[in-house]
Amino acid sequence: MQFHHHGYVSTDPRVQPAAGIGLDRPEDLPGEIDVLIVGSGPAGIVAAAQLAQFPNVVTRLVERRDGRLVLGQADGIQARSVETFQAFGFAQQIIQEAYQITETSFWSPDPAHPENIVRSSVTPDDPNGISEFPHLIVNQARVIDYFAEYARRAPARGDVDYGYEFVDLEVGEGEYPVSVTLRKVTGQTGAGINAAATADAAQGDTVVVRAKYVIGADGASSKVRRSIGGSLSGDQAFHAWGVMDVLAVTDFPDIRKKCIIHSEAGSILHIPREGNHLARIYVDLGEVDEHDGGKVRNTPLEDVIAQANAIMHPYTLDVRNVAWNSVYEVAHRLTDRFDDAETSPDGKQRVFLMGDACHTHSAKAGQGMNVSMQDGWNLGWKLGYVLEGRSPESLLQTYSDERRVTAKNLIDFDKEWSTLMAKKPEEFDSPSQLEEFYVQTAEFPAGFMTEYTESVLTGGAEHQALAAGFPIGKRFKSVSTTRVADAVDVHLGHHHRADGRFRVYAFADASGEQLDRWAEWLLANTASPLQRFTPLGEDIDSIFDVKAVFQQEHHGVDISRVSKLFLPQSGPFKMIDYEKIYAAKPDVDIFDERQISRDGAVVIVRPDQYVSAVLPLSAPEAVAAFFEPLFVTP
């Protein structure tokens with residue numbers, strides 16, 4: 001974390017200096033808004049948190065509730081999401097309060113006494129080191145709290161406007177083409193909405209605001225989706241599950257481990273919760289008649305508890321307290337559109353959908369909140385770029401192109417996973433089929449199978465061999481390095497903050513001579529993207545965060561001879577930034593770990609941590625060619 005470069009501070013350094021709209025953020029909802037986000041769930045809050053880093057973009061987030069979420073239904077946090085938390089500055093805090101999944105126990109019928117269950121195997125949660133971060137369990141409400149706090153501390157001072165329900169929208173023309181009707185559903189005054197238009201507004205009144213863009217993050221029953229003619233389609237498995245967060249006393253030995261239990265009476269997915277006492281239990285309630293009409297959702301809690309005990313026999317579950325419970329039927333549905341390009345008057349994207357408004361599935365793979373957060377981050381920085389004039393509007397098309405494929409892959413995976421979870425023991429091809437699927441597909445539920453295809457944001461694979469361990473289109477997989485200036489070991493990717501900047505990692509050649517030539521071209525050549533696209537008067541690293549990684553261990557790197565590109569001056573006092581120069585560690589050499597050419601390589605990583613391109617160090621003009629269609633000269 002860097003601070004003091006704007007002057008000495010003794011307050012919380014995570015609170016960034018206010019700027020732009022954040023200098024005087026109006027309490028009332030403005031009549032004209034750059035981005036209006038509907039829904040403060042995981043997708044909406046992440047989009048708002050990212051946009052809060054763009055202080056000249058007027059972003060407002062409206063939520064129907066009258067305050068923060070108290071009890072969230074999602075709780076599984078995949079490692080990819082923890083990497084995202086690191087970018088937003090709160091990974092360590094949330095790890096401290098979360099439950100960490102380190103292994104999964106599989107329980108099956110005892111061959112000698114099939115009415116009983118026995119532990120059949122135990123699988124490490126991440127045996128292949130997919131990420132340096134753990135798999136966590138923590139309440140969705142806490143995740144949203146952390147992102148909301150990040151937004152409030154960001155330059156634009158983002159926040160949630162509670163008590164406003166989305167009614168409808170209409171897309172027209174002009175600078176603010178989207179006309180949005182909201183209804184005030186809580187409170188007695190017009191505070192928090194456009195005072196000029198709603199001075200006498202009270203609970204139940206409707207008001208109209210105009211926006212350049214609207215994000216519908218308002219759940220599976222999304223009104224925003226319906227307003228642009230969208231729908232969810234798919235299939236239903238006609239299989240019911242009871243789910244409950246419980247405080248229970250039990251003789252089951254793995255109560256504090258993640259467990260997948262198959263018995264003759266049904267199946268259980270058992271998830272310990274944070275705090276060391278609470279647990280979430282998904283209980284198989286069996287097949288549902290397709291003409292049931294939802295009656296199964298009225299299954300009494302007592303029946304769910306009784307079924308859990310039947311499945312866990314010979315162990316018993318004495319439930320002492322239930323924090324939350326529900327009954328649901330598995331359904332897999334995907335929206336037919338992620339934006340309104342089909343229906344908008346000019347064919348441009350003005351309204352976007354994300355999260356459950358786009359994709360719904362079973363809860364047992366722990367994907368809903370995690371995928372939704374990546375939806376929000378994907379679109380958030382792109383809207384910031386377009387609205388600040390950095391990039392052409394065409395950049396926004398990549399949101400739908402990228403996230404539609406991700407959502408489809410999610411639905412396909414969850415269909416297979418939920419089908420296996422619902423099988424009876426005798427229906428498996430082998431006793432270890434479920435365990436084998438769980439291990440073989442571990443990268444998907446961990447969040448690392450997303451791979452964006454070639455586009456304006458994702459380069460071709462002609463130079464992939466120069467850094468084979470950083471697959472183009474996949475997330476940047478960090479490795480520990482040594483920061484040269486202070487000899488501190490730092491995971492290289494952990495300095496990739498959610499500040500809206502592209503990262504350009506220059507992996508040096510053995511002598512460093514090629515790196516010097518590359519750096520001088522980027523620093524001084526008029527064709528360099530740093531020269532062309534950095535706004536006048538801004539710090540040289542305000543758009544592009546360029547870092548050098550040397551092959552030598554840190555004592556072998558002489559900072560006084562390193563290009564000034566990697567020692568930029570920033571802030572009002574033009575302080576030198578010493579966090580741009582890194583060295584390989586002798587015991588964990590990043591060049592070996594990520595198969596980086598000893599002749600050097602350049603790895604470009606986009607603001608949401610996905611690898612955009614791998615380029616030769618010998619061709620600095622290739623960096624300019626990559627960024628050419630992405631940026632507009634300010």
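Domain bounds come from an automatic or database domain assignment. The model is predicted: local features need pLDDT of at least 70, side-chain atom pairs count only at pLDDT 80 or more, and totals for chains, interfaces and linings use all residues. Residues are numbered from 1 along each chain as its sequence is written, and side-chain values use heavy atoms, with hydrogens and water left out.

**Exercise 1. Confidence**

Task: State the mean pLDDT of the protein chain, and find where pLDDT stays under 50.

Solution.
- Step 1. pLDDT is the predictor's confidence in each residue, from 0 to 100.
- Step 2. The protein chain has a mean pLDDT of 92, with 97% of its residues at 70 or more.
- Step 3. Over residues 188-200, pLDDT stays under 50. For this stretch the model has 31 contacts (heavy atoms within 4.5 Å) beyond four places in sequence.
- Step 4. Where pLDDT is low, the predicted coordinates should not be read in detail.

**Exercise 2. Domains 1 and 3**

Task: List the domains of the protein chain, then describe what domain 1 and domain 3 bury between them.

Solution.
- Step 1. The assignment gives domain 1 (20-72 + 140-233 + 333-441), domain 2 (101-131 + 236-331) and domain 3 (464-628).
- Step 2. Taken over C-alpha atoms, the centres of domain 1 and domain 3 are 33 Å apart.
- Step 3. In contact are 12 residues of domain 1 and 11 residues of domain 3.
- Step 4. Buried area is the accessible area (1.4 Å probe) that two parts lose on being put together, summed over both. For domain 1 and domain 3 it is about 970 Å², of which 53% is on carbon and sulfur atoms.
- Step 5. On the domain 1 side, Trp377, Trp381 and Tyr385 lose the most area to domain 3, together 51% of what that side buries.
- Step 6. One salt bridge (a side-chain nitrogen of Lys or Arg within 4 Å of a carboxyl oxygen of Asp or Glu) is counted between domain 1 and domain 3.

**Exercise 3. Salt bridges**

Task: Give the count of salt bridges, and explain what the pair Lys212 and Glu175 ties together.

Solution.
- Step 1. Side chains of opposite charge can pair when their charged atoms come close.
- Step 2. The rule of Exercise 2 yields 53 salt bridges.
- Step 3. Lys212 and Glu175 form a salt bridge through their side chains, at 3.7 Å from N to O.
- Step 4. Lys212 is in strand 11 (residues 206-216) and Glu175 is in the loop between strand 9 (164-171) and strand 10 (178-184), so the pair ties together parts that are 37 residues apart in sequence.
- Step 5. Glu402 and Arg606 also form a salt bridge, with their closest N and O atoms 2.8 Å apart.

**Exercise 4. The seven-strand sheet**

Task: Write the strand order of the open sheet of seven strands, and say why one side of strand 20 and of strand 27 is left without a neighbour.

Solution.
- Step 1. Helices (H or I, at least four residues) and strands (E, at least two) are DSSP runs, numbered from the N terminus. Two strands pair if DSSP finds at least two bridges between them.
- Step 2. The order is 20-19-25-22-21-26-27, with mixed pairing.
- Step 3. Strand 20 (488-491) and strand 27 (611-615) are at the edges with a single partner strand each, so one side of each has no neighbour in the sheet.
- Step 4. Strand 21 (residues 502-507) pairs with strand 22 (residues 544-550) in the parallel sense, over six bridges. Ala506 is opposite Ala548 in strand 22.

**Exercise 5. Strand 16 and the loop before it**

Task: Which strands do bridges join to strand 16, and where is the cis peptide bond to Pro314 placed?

Solution.
- Step 1. Strand 12 (residues 232-250) runs antiparallel to strand 16 (residues 317-335), joined by 16 bridges. Val249 has Asp318 in strand 16 as its bridge partner.
- Step 2. Strand 18 (residues 359-360) is antiparallel to strand 16 and joined by two bridges. Arg333 has Thr360 in strand 18 as its bridge partner.
- Step 3. The peptide bond from His313 to Pro314 is cis, with omega near 20°. Pro314 lies in the loop between helix 6 (301-312) and strand 16.
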